[in-house]
Amino acid sequence: MTNVKHLNVTLISGNLLSLDFTVQGGMVNQTVFDEPFTIQEKDGVTGIYIDSVYYESYAPILKEFWGVQIPEGEAAFFSISTETAQQIQDFVSKLG
């Protein structure tokens, strides 16, 4: 059985996002809405990024729970503060 750790973060929008982390073979896998995410910078803003190949998974969830509609085939990007990005990195470093 795989052990999943959860980290709840607050986005700049004020919405809460639950991130999931699993450790397998020394590698930490990061998922949100059951899809992999990375921390990236876009237009000078740090955020949680989900690739557009997973659009079919995250788009309906965002519309249902937050009333947010993402244009078809667009990647999801959730702005976070630098403090939140550091919190995520610290959390991951303790898992690995």
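Which residue just after α1 takes a positive phi? Select G67, where phi is about 70°, and keep it in view as the starting point of this tour. The model is a predicted one, in which local features need pLDDT of at least 70, side-chain atom pairs count only at pLDDT 80 or more, and totals for chains, interfaces and linings use all residues. Residues are numbered from 1 along each chain as its sequence is written, and side-chain values use heavy atoms, with hydrogens and water left out.

Next, select residues 55–66, which make up helix α1 (helices are DSSP runs of H or I with at least four residues, strands are runs of E with at least two, and both are numbered from the N terminus). Its twelve residues, at 1.5 Å each, should span 16 Å, and the end C-alpha atoms are indeed 16 Å apart (the expected span is 1.5 Å times one less than the number of residues).

Now colour Y55, Y58, A59 and L62, the buried residues of α1 (buried means under 20% relative accessible area, exposed over 50%, with a 1.4 Å probe and protein chains only). Seen down the helix axis they fall within an arc of 105°, so they line one face (the arc is that of the directions from the axis to the C-beta atoms). These buried residues pack against β6 (45–50) and β7 (76–79), with contact meaning heavy atoms within 4.5 Å, whereas E56, E64 and F65 on the other side of α1 are exposed.

Finally, select β2 (residues 16–24) and β3 (residues 27–32), which run antiparallel and are joined by five bridges (strands pair if DSSP finds at least two bridges between them). Within this pair, Q24 has M27 in β3 as its bridge partner.
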